[in-house]
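Take a moment to look over the sequence and turn the structure around on your screen. We will then walk through some of its strands and helices together.

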There are 2 protein chains.
Amino acid sequence: MKAHQIILKSRPEGMPTSDNFDLTPVKLPSLQDNEVLVKNLWMSVDPYMRGRMIDRKSYIAPFQIGEALEGGAIGEIIESKNSALPVGTKVSHMLGWRSHFVSSAEGLTALPVTPIDDSHFLGVMGMPGMTAWVGLNRIAKLKEGETLFVSAASGAVGSIVCQLGKMMGAKVVGSVGSDEKAETLTALGVDAVINYKTCGDLNQALADAAPEGIDVYFENVGGEHLFAALNNMKDYGRIAVCGMIAQYNDTTPTPGPSNLAQIIMKKLRVEGFIVFDHWAHYGDFAKEMSQYLAAGKIKAEQTVFEGLEKAPEAFIGLFEGKNKGKMVVKLS
Amino acid sequence: MKAHQIILKSRPEGMPTSDNFDLTPVKLPSLQDNEVLVKNLWMSVDPYMRGRMIDRKSYIAPFQIGEALEGGAIGEIIESKNSALPVGTKVSHMLGWRSHFVSSAEGLTALPVTPIDDSHFLGVMGMPGMTAWVGLNRIAKLKEGETLFVSAASGAVGSIVCQLGKMMGAKVVGSVGSDEKAETLTALGVDAVINYKTCGDLNQALADAAPEGIDVYFENVGGEHLFAALNNMKDYGRIAVCGMIAQYNDTTPTPGPSNLAQIIMKKLRVEGFIVFDHWAHYGDFAKEMSQYLAAGKIKAEQTVFEGLEKAPEAFIGLFEGKNKGKMVVKLS
């Protein structure tokens with residue numbers, strides 16, 4: 001059996017390129033008692049991984065040069081010396097970016113037996129779906145009848161935010177970077193969609209889409225989007241700050257918006273969050289979300305790249321807007 | 001009797017100048033039933049008034065050209081046709097910037113009978129003191145043992161924030177713009193004081209003053225101060241956004257700090273507030289603060305300008321750092 005992994009060859013400066021990554025063979029040890037051999041079936045690429053490529057203190061340790069990258073993945077046990085995880089068990093874990101690995105079983109979570117596709121446990125039923133749910137329910141506390149603005153609205157998190165927002169009784173305005181994505185969102189029932197690349201003045205486009213003002217902004221982007229949102233927020237609005245993807249590849253510091261005083265004038269609450277802090281609520285989320293999926297109330301779109309060697313391209317594609325819904329890599 | 005008022009002659013562009021104001025005589029009507037004639041004794045100048053000089057929608061209506069300015073003031077009833085407000089009653093109200101006025105008594109609040117100087121009802125016992133108390137207790141929820149950073153720390157609000165912070169059991173770091181102000185703060189028991197004009201890299205100065213990190217930032221300034229605070233916040237820190245005085249006179253938009261992504265990485269809560277929203281809690285505040293004053297636990301410094309005609313100079317001085325503690329104008 002040939003096992004491979006993708007290592008961080010060099011730290012990206014600005015936009016990552018394929019030169020920052022290397023596909024290398026890896027020799028796996030033979031199994032000890034209680035260990036299992038996992039073959040990965042799907043792996044996730046997510047914008048937050050860009051932050052781990054920078055050598056700095058953060059909420060999660062940076063990746064190291066020459067070592068395999070990590071990230072959410074779904075695998076199957078193909079050899080087992082652990083009776084709790086027999087061959088054939090599917091597991092979710094954080095050791096993506098590799099074809100196989102040997103594990104003491106720590107950090108492996110058996111997938112529940114459901115009709116839901118395995119890969120969705122990297123998306124709508126996994127970290128991005130939970131992020132959407134936490135941001136709306138636990139951070140912004142969106143209420144029925146409110147107006148919700150979502151940036152990167154067709155992404156893995158944003159597309160779920162939009163759909164949950166509709167289900168919670170909000171008017172939803174989404175911002176995307178192409179007309180094709182806009183059409184997809186409209187088909188999902190989003191009330192108004194802005195193509196920020198073609199709308200001209202984003203601030204005005206948002207005012208036109210939500211003349212009543214915005215109660216909740218689900219922030220995935222930063223920069224011009226944050227500026228426009230601040231200008232269009234209602235008094236006592238809440239901004240759930242999930243990501244600022246527009247800045248992740250900055251090589252020089254990009255100034256923030258000039259209208260932060262809106263936070264005072266409108267008495268806004270701006271709150272950052274990391275989904276991992278809320279993982280104790282995963283059960284509540286999963287129960288709710290699996291019911292929505294079963295009832296067809298949430299559509300979980302995916303963009304799939306095939307083959308471990310395509311993982312860097314898929315990752316880079318996140319910053320080029322190449323994904324609709326969750327970007328995943330299908331391992332052969 | 002000669003009555004005067006100060007009107008807004010023109011809207012300031014950038015830093016206000018004396019040309020933006022005009023002292024004009026005013027003819028007062030004779031009293032109708034239930035009306036009183038108020039002679040103002042003290043008036044307040046506050047940074048927020050700069051915002052009202054701009055013609056825009058905000059939480060409070062803009063001042064109009066040619067009309068008298070408004071703001072907190074303390075007056076005395078010198079003629080009365082209202083039995084509830086006999087001659088000699090002292091009242092607080094929002095009709096500053098004038099020597100006298102006739103009132104239906106609406107908007108007048110009789111001062112309580114206390115040994116506290118009247119003018120303190122514009123400062124430590126009034127809007128600025130209440131702002132400090134609300135920001136710490138109701139917005140940031142400062143806890144014992146935490147580290148508090150305060151910008152404009154020797155100002156009307158900041159100096160009370162520092163002292164309340166010490167009483168709540170926090171380590172307090174203050175930022176000021178002169179060595180004299182720094183000495184005053186040190187004498188008040190503040191643990192570390194930064195003179196932002198001479199400290200070099202504010203970010204580093206703050207890291208040195210609070211190597212353990214900041215739990216609560218009381219934001220009065222914006223700009224570089226916000227940048228430094230974001231970089232030095234602890235995880236789950238709170239920023240109570242009270243003011244951004246560094247920007248009030250900007251004629252072109254000043255970009256925000258480049259490190260807003262710290263809000264995500266550190267899971268910060270950034271919350272703007274306006275003290276008027278919390279006025280229902282004035283009783284709790286006043287009870288607590290009057291006890292502190294009586295016990296000599298809070299020192300309420302003032303900078304006093306004398307004469308109504310000096311009000312514009314006092315107001316402009318707020319943006320030049322001319323005040324220590326509360327800036328007030330004593331009317332003859």
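Which residue in β9(A) is the bridge partner of Val150(A)? That partner is Gly174(A). Keep in mind as you look that this is a predicted model. The pair you have just found belongs to two strands of chain A: β8 (residues 147–150) and β9 (residues 171–176) run parallel and are joined by four bridges.

Now follow β8(A) to another partner. Three bridges link β8(A) with β11(A), again in the parallel sense. Within this pairing, Phe149(A) has Tyr217(A) of β11(A) standing opposite. Strand β11 of chain A covers residues 214–219, and because six of its six residues are buried, the strand is largely enclosed by the rest of the structure. A residue counts as buried here if 20 or more other C-beta atoms lie within 10 Å of its own.

From β11(A) we can step on to β12 (residues 233–241) of chain A, which pairs with β11(A) in parallel over five bridges. Look for Val216(A), which stands opposite Arg238(A) of β12(A). To get from β11(A) to β12(A), the chain passes through helix α6 (residues 224–232) of chain A, making a right-handed β-α-β crossover.

Let us zoom out to the whole sheet. It is open, has twelve strands with mixed pairing, and follows the order β10(A)-β9(A)-β8(A)-β11(A)-β12(A)-β13(A)-β13(B)-β12(B)-β11(B)-β8(B)-β9(B)-β10(B). At its edges are β10 (192–195) of chain A and β10 (192–195) of chain B, each of which pairs on one side only. On average, neighbouring strands of this sheet are turned by 15 degrees against each other, direction ignored. Helix α5 (residues 202–209) of chain A packs on the sheet, where it touches β8, β9 and β10 of chain A, and its direction makes about 170 degrees with that of β10(A). Helix α2 (residues 127–140) of chain B also packs on the sheet, touching β11, β12 and β13 of chain B.

Finally, visit β15 (residues 326–330) of chain B. Why is this strand largely enclosed by the rest of the structure? The reason is that four of its five residues are buried. Strand β14 (residues 302–306) of chain B runs parallel to β15(B), with five bridges between them, and Gln302(B) stands opposite Lys326(B). Together with helix α9 (residues 311–318) of chain B, these two strands make a right-handed β-α-β unit. Strand β3 (residues 36–44) of chain B pairs with β15(B) too, but in the antiparallel sense and over three bridges. There, Trp42(B) has Lys330(B) as its bridge partner.

Key
Residues numbered from 1 in each chain as written. Chains lettered and ligands numbered in written order. Predicted model: local features only at pLDDT ≥ 70, side-chain atom pairs only at ≥ 80, totals over all residues. Buried ≥ 20, exposed ≤ 12 C-beta atoms within 10 Å, placed from the backbone. Pairing = 2+ DSSP bridges. Right-handed = clockwise from strand over helix to strand, strands pointing away. Axes fitted to C-alpha atoms, helices over the stretch in contact; angles between N-to-C directions. Contact = placed C-beta atoms within 7 Å.
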